Amino acid sequence: MASYITRKILSLIPMTLILSFMIYLGMDLMPGDAVDYLIPPDALSTMSQEQLEQMRESLGLNEPLVVRYVKWLGGLFHGNFGYSLQSGVPVSTLMKDYLPATLELTIAALLISSILGILLGVISAIRRGGALDQILSVFGMIGVAIPQFLLGLICIDIFALHMNVLPVGGRMAYQGQGFFQRLQYLIMPALVLGFSMTAGVMRYARSSMLDSMGKDYMKTARAKGIPEWRVNLVHGLRAALTPVVVLIGFRLPMLIGGAVVVEEVFQWPGIGTLFVKAVRSQNTPVVMMIGFFSVLLVLISSILVDILTAALDPRVKLS
Amino acid sequence: MRGNKFMGLLCAATMAASLFTGVGTLGADATESVTAVTGDAQSLGTPLADVRVRQALAYAIDMDTIVDTLFDGKATRATSFTSPGEWLNTDIPVYDYNPDKAKDLLSEANWDPNYTLDVVYYYDDQQTVDLMTIIQQYWSDVGVKSQFRKLEGDLAAQLWVPPTDMVNGPSEVKWDLAYAAVAALTESEFYNRFASTASNNSTVPKQDGLDELIEASNSTMDKDEQIAAFKKIQQVVAENVLAMPLYHQVCFIYTSSDLDMKGNPVGNDQFSYEKNILDWNINRDDHTLYTNGGPQEFFWYPMVNPGYMLNTELLFDKLIDADESLNPTDGMLAESYEVSDDNKTITFHLRDGLKWQDDEPLTGDDVKFTIELMLKTPGTNAVASEAMSCITGAQDYKDGKTDDLAGVTVDGNDVTVNFDKVSANALQVFSQWPILPEHCLKDADPNTLQQNEFWQHPIGSGPFMVDEVVLNNYCTLKRWDGYWKKGTGNIETIYEFASGENDSNLVKNASAGKIDYAWSKSTDDAKAIEALDNMKVEQANIRYTRCFYINQFPHEPNIK
Amino acid sequence: MSALDRKMDRLLARENSGREHRELVKNRTVRKMMMNRLSVVGMVIFLIILFMCLFAPLFTPYDSTKVDLRAILQQPSAAHIFGTDKVGRDVFTRILYGGRISIGIGFGSALIATLIGVTLGVIAGYKGGILDGIVMKISEILMAFPQMILVLILVTITGQSLWNLILIFSLTGWPSMYRMARSQMLSLREEEYVQALKAFGIRDMKIAFKHILPNAIGPIFVNITLSTAMFILNEASLSFLGLGVPMEVATWGNILNVAQDLTILKSAPWIWLPTGAVVTLFIISINFIGDGLRDASDPTQVG
């Protein structure tokens, strides 16, 4: 086990190197550069090319790609993730500000979707083919099918503007950062995001529950006269959970990348909004850092899934 | 390679044809152009060099209807870059919607119906796209094909590079027309760019006498003389359709019913003007005024936009105050100031006992430091940097020949600024660009000024100071009791939602009752907020004109 | 490969083990699909929307780009059944013409991704060796990015256009198809009938494409349908972020995007509500078809 993990982690290194260089190259291939976004477009026309060139020079944008990449990489080894080209703030500080917000949102959504998905999936499986099964399938499917931003805007219109029960957006209340005050801000975005992720879990839970319901030990349990709900809950559910856990593991990377749209709709100050802004303003160090983090998260979660699978399913061995 | 010979022949043939029909070629020596041409028939010129074509394009657009429908009547149709008012010359030619006239002019000019205009824009809002769609249709109604595309990347290089030869071209930019806007503090920002010496004139070849008119408008501080000079320029621009002004945007100011501004007028919020906010009353228990414009990543530094964000305006004081139309009025940090008779010297008398919000003294040295910093910062707005470059010794200072700007001398509370040549806009500049603290910024690199840590939590000299900052979420400003003036109002805190130049959440926040004062130029915002019970919408005229720049330098058609 | 991959391969193989009943598959699949009420309803909705979009001129007399400033923001009426938008274009017409492009983006990208993924998967899976190693690494690299992040970076690099979007979706979509096709190949290439074909001296590629690939047709179709749905939604999301198809092109995403303007959201629901409903219905119907296909091609479920 230990040697497996070490080996896996070692294999991450070349992978992340290649990936980080690719993002760097990609940023370089984008038309224009950060200077074009430091000056509002209407004001650009009043500036001379020399002025802009001077700004490029001082931001170090004129050096060759490889030099800039090696510098960035060198900084990384010294724990320096670079500075935002816009504000000069260390990228690590930005991450420290924005990451918790995103994690708060996505973990909440992951919890909502997992609990809801497993619950509905199991019910659906038990009532297989019945009306309830189909209603639940349609319900879950709507979550996947409705564009997130539309659902978000409709929710804002209803709950924040008409009923006035929840705030329109943001993450923290002014002068009130207690748990319950913060919770108000979390409810809508987490539900919208969670709703869109529910159907996937539900489908998996349903099919693996069906799978395990057909298994011999279930029949045996039933034959022993154990009540139906107990059979389903204790024996069926446990077996059904394995693939669901795997699926949730696969979803971990969405913790960073999956909430972009929801964050934008609800003014949630997270990594997603930061990333969109950074990509659009070609703020390379920030894009690098977020790209790097999300890639790392994908790789780590794949290891995690491996370990989980091995732990849950004795037939699988780590090699 | 094989195509070249053929293209050459084609070129010569078209060349001959155009000589006979007299189209294109700008009246330049035609034989000379042929040798300069590298084998493409179209590089001889551009149909847009013909004033009749430009007039036709203007006649073809029904701007009044567009303003009434797309902008819901919340903009003003432009006949000139100058907005209606005392600066506008009302005798200039106006191109009212007249599709028949447009067609006549086009046929007179032998318009090639196969030519497709390449039109560029750089805004990414829905309204711009809608407007472009509408104009495309108007032009197609008179038989002009056009394609619209949004520019990406290095805008300055794609839009504003002037040709080396300002008479004959060829053009350094590829497009035929560019949809753009000028947000101007002074009239000169509209018209300086038409000079053949302007660093951003990518479209207009040198016109007889225009450079001199522009020069004249820049060399007087007298308002009446300035108005007279600009009216002459407006005439030239309109007669020749050097560019096509479309509409003036207005500034919408949104106030809630909880706010009592004590009768202070609203004005051009793109810049700073005296609001007397210390006298305002807010009807909220926590004495907090809600607004937007909070920092997303940093407090916007004032070199480019000195008063665009309410926080810049309230955190930093200027030397001179301005009224709601941005005319310089009395002193602000300066108790008083004098301009010499030859307009070449301005003396500021600073108030006694001025302080920064961290209790450090604010002195004449800060003033001198700020002027020096503005000279050295590449991002400084053109009006300001032009005014600063007129100061005695400015060039030597910029070139690094001296560490001391000779034209600015400090004597106790008196700061004297000497100019080599008259700067028409000096007073406006001193009424808009704030004084910055030397003790905080003396080590800052002017090239990357916006990256300085200072802008995470700036220290100013204005009536409010930064209190709490949660980047990209909100910030709060609190009333500073060390300010040189006390007000009668009750606002203790200003809460700002984080937002950029265009706040997409303004309407949502206003609907939720969380905006007491804000402004925007968006007609959509205005329309939505007008419908709210608790909000009031007022308008102010601003110098913000959307237009087409028309590339009159010879260039190859970009769409074949 | 990692334990995870093997696990997934096995899951996939199980999902797709319709191979024993090869000659029956078609009839059986259709029959089983017809039994599934939801997927039949899905199929009907899907076909109606698709048909109306493809033959839009039959259903609407208007031009989707024709601006009419005298008729802006009109409520639904007999002349304009879904009203008009902010510049007076007929919303119904725009939904139909927009559907062409949105469905085109979704289906086109899914198809290209499938073509690339399956071809590579079949060749690499059957041949193995260095080629397999290289393609596998590339797919791993692409899959290491969260999809949205990768798409956003690529859109900014290539610029916003219809074809770029299709290219990007295809580029980010093929690895999962590749993995599926490859795992099929791996599990099937040792089968006895394959050995027999080899013994007859039939060329490798012919065996791979003609004799093994057809067994994987079920999951491939499932994947195409689900990818189509995903790409259509992605297009809408990108429009919202301002990074989609240029705004002057009518797509479902671009039409919906006007709902960002709260005035439109509240007072002109005819612009976005029908569009939203059509998009949602279309995605749901595709998903149900996909589900139906999946169930139908799964022999462990009784048909």
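What follows walks through the predicted model chain by chain and then turns to the contacts between chains.

Chain B is a good place to start. Its secondary structure comes to 18 helices and 19 strands. For overall dimensions, the C-alpha trace spans about 80 × 60 × 45 Å along its principal axes. The radius of gyration of chain B is 26 Å, which agrees with the value near 24 Å that a compact globule of 560 residues would have. Of those 560 residues, 53% are buried. Contacts over long stretches of sequence are well represented too: taking pairs in chain B at least 6 apart in sequence, 71% of the contacts join residues at least 24 apart.

The UniProt record, in an unreviewed entry, places "domain: Solute-binding protein family" on two stretches of chain B, residues 45–154 and 332–551. In the model, residues 45–154 of chain B are 38% helix and 14% strand, with 26 Å between the end C-alpha atoms. For residues 332–551 of chain B, the figures are 23% helix and 27% strand, and the end C-alpha atoms sit 44 Å apart.

Thr46(B) gives a local view of how distant parts of this chain come together. This threonine belongs to the loop that runs between helix H2 (30–36) and helix H3 (51–59) of chain B. Despite the loop setting, Thr46(B) counts as buried, because 25 other C-beta atoms lie within 10 Å and the cut-off for burial is 20 or more. Which residues does Thr46(B) touch once neighbours within four places in sequence are set aside? The contacts are with Asn551(B), Gln552(B), Pro554(B) and His555(B). Phe548(B) is 502 residues away from Thr46(B) along the chain, yet the two C-alpha atoms are separated by 16 Å.

Chain C is built from helices: there are 14 of them and 0 strands. As in any such list, the order of elements from the N terminus is then simply α-α-α-α-α-α-α-α-α-α-α-α-α-α. Buried residues account for 53% of the 303 residues of chain C. Among contacts in chain C between residues at least 6 apart in sequence, those joining residues at least 24 apart make up 71%.

The record for chain C, again an unreviewed entry, lists "domain: ABC transmembrane type-1" at residues 99–290. That span is 82% helix and 0% strand in the model, and its end C-alpha atoms are 20 Å apart. UniProt also lists "transmembrane region" (unreviewed entry) for several stretches of chain C, including residues 101–126, 163–181 and 270–289. Residues 101–126 of chain C are 100% helix, with 36 Å between the end C-alpha atoms. Residues 270–289 of chain C are likewise 100% helix, and here the ends are 28 Å apart.

Helix H8 (residues 162–188) of chain C deserves a closer look. Its 27 residues reach 38 Å from the first C-alpha to the last, close to the 39 Å expected at 1.5 Å a residue. There is nonetheless a bend of about 35° at Gly173(C), with a proline, Pro175(C), following within four residues. H8(C) is largely enclosed by the rest of the structure, because 19 of its 27 residues are buried.

In chain A, helix H14 (residues 271–280) is mostly covered, with 8 of its 10 residues buried. The buried set consists of Ile271(A), Gly272(A), Thr273(A), Leu274(A), Phe275(A), Val276(A), Ala278(A) and Val279(A). Just after H14(A) comes Gln282(A), which takes a positive phi of about 55°.

That leaves the contacts between chains. How many residues do chain A and chain B each bring to their contact? Chain A brings 40 residues and chain B brings 45. On the chain A side, the elements giving two or more residues are helix H2 (35–38), helix H3 (41–44), helix H4 (49–58) and helix H8 (148–162). H4(A) supplies the largest share, 6 residues. By class, the side of chain A that touches chain B has 21 nonpolar, 15 polar and 4 charged residues. The contact of chain C with chain B takes 15 residues from chain C and 22 residues from chain B. The side of chain C that touches chain B divides into 8 nonpolar, 4 polar and 3 charged residues.

Key:
Residues are numbered from 1 along each chain as its sequence is written. Chains are lettered from A and ligands numbered from 1 in the order in which they are written. This is a predicted model: local features need pLDDT of at least 70, side-chain atom pairs count only at pLDDT 80 or more; totals for chains, interfaces and linings use all residues. Two residues are in contact if their C-beta atoms, placed from the backbone, lie within 7 Å. Ala, Val, Leu, Ile, Met, Phe, Trp, Tyr, Cys and Pro count as nonpolar, Asp, Glu, Lys and Arg as charged, and the others, Gly among them, as polar. A residue is buried if 20 or more other C-beta atoms lie within 10 Å of its own, exposed if 12 or fewer, and partly exposed in between; C-beta atoms are placed from the backbone. UniProt positions are given in the numbering used here, feature names are shortened, and annotations may be inferred rather than shown by experiment. The radius of gyration is taken over C-alpha atoms; the globule rule is 2.2 Å times the number of residues to the power 0.38. The expected span of a helix is 1.5 Å times one less than its number of residues. The bend at a residue is the angle between axes fitted to the seven residues ending there and the seven starting there.
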